[in-house]
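Me: Please take a close look at the salt bridges of this structure, and then at the charged surface and the backbone. I would like the cut-offs to be stated along the way.

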Amino acid sequence: MDSMVVKRTPSSHSHGGIRIVRGAILALTSTVFLGYIIMWIMSGTNTYRTWFAKLRTNYTNSTYFGSQGAMILVFTLPILFMAVVGCVYLHLGKELSGIYMERKGRKNQIASLKRRPMVIKGLGVVSGIELAMFIMFIALLVWSFSTHLHLYFSFITKRAIEKGEKLWEVKLDRVGLVLGVVGNLCLAFLFFPVTRSSSVLPLFGLTSEGSIKYHIWLGHITMMVDWASTRIANVPGELSLLFGLFLWVTTHPRIRKNMFELFFYTHYLYILFIVFYIFHLGIAFTYTILPGFYLFAIDRYLRFLQSRQSVRLVSARVLPYETLELNFSKSRDLSYTPTSMIFINVPSVSKLQWHPFTISSNSNLEPNNLSVIIKNEGSWTKKLYQMLSSPSPLDHLRVCVEGPHGPASTHFLRHDMLVMVSGGSGIAPFISIIRELIFAATTLKSKTPRVLLICAFKYSSDLTMLDLLVPNSGTLSGISNLELEIEAYVTRENEPPLEKPKILQTIWFKPNSMDAHLSPTLGPNGWLWLGAIISSSFIIYLLFMGILTRYYIFPIDHNTSKIFSHTLQAMLNMSLVCISIVVAASVGFLVNKRRKSMEAEQIQNVENATPEVSPDTWLGNDRELESLPHQSFTKVNYGGRPELRRILLECKEPSVGVLVCGPKKMRHEVAAASSSSLAENLHFESLSFNW
């Protein structure tokens, strides 16, 4: 019989109604998405060509929208409709997010079998569903190429050959044109995975952080089957291709890892890539790829508005071997799920660079603070560590933040046991999970799974990361309620060091009137506002475009698409898109921010919120790690790596959640063990964020 864990017990009747509405929304959006995919499948057939011509002639070819109306109706509105109703779906889901009614039983076992991982060279760790979807997408590309090629070849007539063109030249030209069509299919989905506060991805059980690999796959395919530079505007096509190729080259894993700044800066070339793409093909055909980019642009602008305000950095804990924990002040109404992440910018280190970090704190246990762990793995983190660990540390540091971003809900309580495997700073998301389990066990009095944390470090000094299991201002009183076991492995030392444990330094920063508490922004903390912005901005755009077309373009062109400049029309439409997004998003952001600030509970003064320190200084609250708080339940192994396959196969609980965050080799090893036929009780999930 299925068992369940309940976090809260509000009215079951109201929850039943919410579930019915959410189910109806999911069915509706699934139907719309299926119809959208069918349009792409049929787009290369004569049937679609005849139907689309009738649609454009009889229904959408008006003096207000011209030939663009049919493209908007078929390829743009369905996805934007899904995004808006998806916001409603996620808003209703927040009413259920704290319930944790996670059923264990046959249904979850079947779902887990579909998600069973496999390691495939070139794709990494993928589930059966992901592999099936990848194969189907490749099949769609092949189908699209073949049907369009057949359709375009049928247009080659003797008249075209009589103009002096050779048959093979004409066919080669058509092949290039068809490759462009296939490239557009990839571009149509390219921006969805990088829309961080996405209302579309959660409808399919996805998150932006977990979908980055899809963005990478689509980017590779796009550049391999890029559009032709003939038949339309050649120069913009060549420039777009040039920018795309330069951006693509810098995404190579070795460049991204060793030259992150180059990768980061060249990625902004996507703006020029898209602009010249639109100049290349014209605005009408651009509506096939507009929805993904439109939602990305709204998300990007909202993140820009959030990042303009510096946030209050309360303290920093400086650990040995170049590791930091930064603690920010946040408003109580800002909530986030375990494994969420934020993007951080420190202007004194770099004004342009933003780096992602997993949140290690928990919004339930620490309502006034948000923490991240930063380990020195590049020039940016090295400079930050040097600034904070210097003999004369700073008394204030300006920091800007984007986020948090993360899954709409988590499912850790559904398992009988959790095995969490980390490498180095990969322990950060597991700290947030452990703190969430502490909250469930102490405050909610819920039954929590047994937890085995396996962490691998290079040096024994890195063991101090385990000290971060305890919040900066907290105690270990709640951790004793967990059935927690920690196995730590020090891989580059054969025995414990003889020297005395190093000192952990806590730096308290002085308050600054220019800094604000980290507050909720649109997205996970304001889905209805995000839906309103998406819908209102596009309505504004349609109104502006209708007026422009009716009173400026139509009197010149009369819907012939032959007189009015395609480049000028594209430029005007791009300007209208930007204006509509800026107006709607700015109003929504400011109104929502004012409303949140009025509703938010006043946070206590820093002097009362933080532990007592020396009365004459905010700096130098050091303590020696003579007795780490995790000692009582930690086993430390020196000189070797964990035998992950053996450890995992020894877990005999009916349902074991296996989570891994660490190097690529570690992820693959855990995935391979979890996919074994001997491990049907293991449910794998990778939490590594590969940027």
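Reply: The account below begins with the salt bridges and then turns to the surface and the backbone.

The model is predicted: local features need pLDDT of at least 70, side-chain atom pairs count only at pLDDT 80 or more, and totals for chains, interfaces and linings use all residues. Residues are numbered from 1 along each chain as its sequence is written, and side-chain values use heavy atoms, with hydrogens and water left out.

Side chains of opposite charge can pair when their charged atoms come close. A salt bridge is taken here as a side-chain nitrogen of Lys or Arg within 4 Å of a carboxyl oxygen of Asp or Glu. The whole structure holds eleven such salt bridges. One of them joins D462 to K375, at 3.4 Å from N to O. This pair links distant parts of the chain, 87 residues apart: D462 is in the loop between strand 11 (450–457) and strand 12 (484–490), and K375 is in strand 8 (residues 369–375). Helices (H or I, at least four residues) and strands (E, at least two) are DSSP runs, numbered from the N terminus. D462 is buried, with a relative accessible area of 3%, and K375 is buried at 13%. Buried means under 20% relative accessible area, exposed over 50%, and partly exposed in between (1.4 Å probe, protein chains only).

R646 takes part in a salt bridge with E643, where the closest N and O atoms are 2.9 Å apart. R646 also meets E650 in a salt bridge of 3.3 Å, N to O. The relative accessible area of R646 is 38%, so this residue counts as partly exposed. Elsewhere, R196, D299, R300, R303 and E402 are linked in a network of salt bridges.

On the surface, K257, K458, R492, R641 and K665 form a positive patch. Patches are made of residues with over 30% relative accessible area and no salt bridge, with like charges joined within 9 Å and nonpolar side chains (Val, Leu, Ile, Met, Phe, Trp, Tyr) within 5 Å. K665, in helix 21 (residues 664–674), is exposed, with a relative accessible area of 72%.

As for the backbone, most residues other than glycine have a negative phi, and most peptide bonds are trans. T339 has a positive phi of about 75 degrees although it is not a glycine. T339 lies in the loop between strand 5 (323–329) and strand 6 (341–345) and is buried at 7% relative accessibility. The peptide bond from G403 to P404 is cis, with omega near 5 degrees, and P404 belongs to strand 9 (residues 399–405).

Conventions: Accessible areas come from the Shrake-Rupley method with a 1.4 Å probe; for residues, only the protein chains shown count as cover. Lys and Arg count as positive and Asp and Glu as negative; His and the chain ends are not counted. The place of a charge is taken as NZ of Lys, CZ of Arg, CG of Asp or CD of Glu.
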